[in-house]
Structure formats: structure tokens, C-alpha cells
Amino acid sequence: MLETSNNKPWFKGWQVERKEGKVEGKCLIKALDAILPPARPTDKPLRLPLQDVYKIGGIGTVPVGRVETGILKPGTIVVFAPANITTEVKSVEMHHEALPEAVPGDNVGFNVKNVSVKELRRGYVAGDSKNNPPKGAADFTAQVIVLNHPGQISNGYTPVLDCHTAHIACKFAEIKEKVDRRSGKSTEDNPKSIKSGDAAIVNLVPSKPLCVEAFQEFPPLGRFAVR
């Protein structure tokens, strides 16, 4: 694991060729060191789902959450979707230290001007008001895979969706088609119901305003679990 063993002369080692160059070795620690860290999506528009909102004496309203995409800086004019509340970020902190900017993966608290704690709630999404701001969705189309369900699911079924930090009931307004789980090809149009093991394209309607994004653009805000 840590150094090459003389007890297995048959093992010739491993090698990987990539644009950064060729890497090879014979032990696990070398393989772990060769893994390239994923690039953080700092070039995308800001998306920060709120996990909680606090009122701190002497500071004011402090929403808390993890930056999923983009960069959050003090002075940014942010909009909170789906409530469409716009305000300025006064400061950004992580672990009680002020930050010049927060990047994807950072769990931060940020102080906002002239917004009360009661106006914001968990599940809202903060974004830059000048760069593709987030919006609420009246309805959306999604691929749903039924892993485990005791009965059949038909139009009108209204479970709770866990999408980023939001927990909102959404109605299966229309099951458009059944699809193959592996290839994604359509196998049946307008099925009456779906059951465990099926995958389907479904039109969903949230019971309350919900901020959801296309998976291709913002993966963390484009996936959900149904329970």
C-alpha cells in the first residue's frame, strides 16, 4: 500500500495517460496522490441554497449555506429566489473569519442589508441579481427513477421532494413517458402508472414556489429525492 513489495514480482504496476502527462506507480499511496482534484465551478453564475437564517445582535440578518456555483463577495447585490427579495451583501464569514470571497464548497454566513429574518427561509436560493439570477419554477420536467414504492404511481400523486435544502410537496401532474433506465430511450408514451424499477419523464408542479435548475447547468440544484 505504501511502498513496493518484493513478494509480488508479477505485478507490473498501473499507469494513466492524460493531457497533464503520464502517471504510473505500484502502490496505493502513489495512486491516491495521482488523483487530480476536481475544478470548482467558479465561472458559473452564483447559486447558494440557504440552510438556515439567523438574527445576530449587533450584526443583523445572517443567512447560512454552502456556495454550490459561482463566487460570493461582499458588496454583491443578491436576489433570493423564489421570493424575489433583492439586497446587498455586507460581509461574508466562514468559521468566524471574514472572507474576501467565498467559492464553491464553502459553508458561509453572510450579512445582508434591510432584510428581516422572517422574510428568508431554508430552501431559498441566493444568486447574483446581475448575472443569470435564480427564479422560482411554476412547473418542471424531470426524469424520475422509482427505486422502491409499495404500489403504483399515477397522475396526481403528491410526494415531498428534497431538492437542495428545500422540502416541498410536488404533484406528478403528467407522466409523459416511460424510459429505459440505462439508455434513456422512450419505451411507452403516456403510461397510466409507474412502479418500482421503472424510469419515467414526469411533469411536476410544486405546491409552493420552488427554485429548481436544469441539471446540465447547475447539477446540485437539478437533482432531488422523492420520499
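**Notes on the two-domain model**

1. Let's start with a loop: Pro82 sits between β5 (77–81) and β6 (85–94). Keep in mind that this is a predicted model. The bond leading into this proline, from Ala81 to Pro82, is a cis peptide, with omega near 5°. Most peptide bonds are trans, so this one deserves a look on screen.

2. Another backbone spot to check is Asn132, which has a positive phi of about 45° without being a glycine. Asn132 belongs to the loop that runs between β9 (125–128) and β10 (140–145). For context, most residues other than glycine have a negative phi.

3. On to the overall layout. The domain assignment splits the protein into domain 1 (47–134) and domain 2 (137–226). By that assignment, Pro82 falls within the bounds of domain 1. Taken over C-alpha atoms, the centres of the two domains are 29 Å apart.

4. How much area do domain 1 and domain 2 bury between them? The figure is about 980 Å², and 69% of it is on carbon and sulfur atoms. Pro82 turns up again here: together with Arg47 and Arg122, it supplies 39% of the area that domain 1 buries against domain 2, more than any other three residues. In terms of contacts, 13 residues of domain 1 meet 12 residues of domain 2.

5. The polar side of this interface comes to 4 residue pairs in polar contact between domain 1 and domain 2, counting pairs with both residues at pLDDT 80 or more. On the domain 1 side, strand β3 (residues 48–56) gives the most to the surface touching domain 2, with 3 residues. Sorted by class, that side of domain 1 has 6 nonpolar, 4 polar and 3 charged residues.

6. Salt bridges next. The structure holds 8 of them, and the rule finds 1 across the interface of domain 1 and domain 2. Arg47 and Glu213 form a salt bridge through their side chains, at 2.7 Å from N to O. Why does this pair tie together parts that are 166 residues apart in sequence? Arg47 lies in the loop between α1 (28–33) and β3, while Glu213 lies in the loop between β16 and β17 (224–226), so the link spans that separation.

7. His164 is worth a click too. This histidine is in the loop between β12 (160–163) and β13 (166–179), and its side chain reaches the backbone oxygen of Cys211 at 2.8 Å. Leaving aside neighbours within four places in sequence, the contacts of His164 include Pro49, Gly123 and Val125, as well as Cys211, Pro220, Leu221 and Arg223.

8. Ile201 is part of strand β16 (residues 199–206). Not counting residues up to four places away in sequence, Ile201 touches Thr141, Ala142, Gln143, Glu174, Ile175, Lys176, Glu177 and Val179. Its C-alpha atom is 41 Å from that of Gly21, a residue 180 places away along the chain.

9. Finally, the annotations. An unreviewed UniProt entry lists "domain: Translation elongation factor EFTu-like" at residues 60–125. That span is 0% helix and 47% strand, with its end C-alpha atoms 19 Å apart. UniProt also lists "domain: GTP-eEF1A C-terminal" at residues 140–227, again from an unreviewed entry. Residues 140–227 are 0% helix and 49% strand, and the end C-alpha atoms lie 18 Å apart.

Definitions and conventions
Residues are numbered from 1 along each chain as its sequence is written. This is a predicted model: local features need pLDDT of at least 70, side-chain atom pairs count only at pLDDT 80 or more; totals for chains, interfaces and linings use all residues. Side-chain values use heavy atoms; hydrogens and water are left out. Domain bounds come from an automatic or database domain assignment. Contact means heavy atoms within 4.5 Å. Buried area is the accessible area (1.4 Å probe) that two parts lose on being put together, summed over both. A salt bridge is a side-chain nitrogen of Lys or Arg within 4 Å of a carboxyl oxygen of Asp or Glu. A polar contact is a pair of N or O atoms within 3.5 Å; within protein, one must be able to donate a hydrogen and the other to accept it, and residues adjacent in sequence count only if both atoms are side-chain atoms. Helices (H or I, at least four residues) and strands (E, at least two) are DSSP runs, numbered from the N terminus. Ala, Val, Leu, Ile, Met, Phe, Trp, Tyr, Cys and Pro count as nonpolar, Asp, Glu, Lys and Arg as charged, and the others, Gly among them, as polar. UniProt positions are given in the numbering used here, feature names are shortened, and annotations may be inferred rather than shown by experiment.
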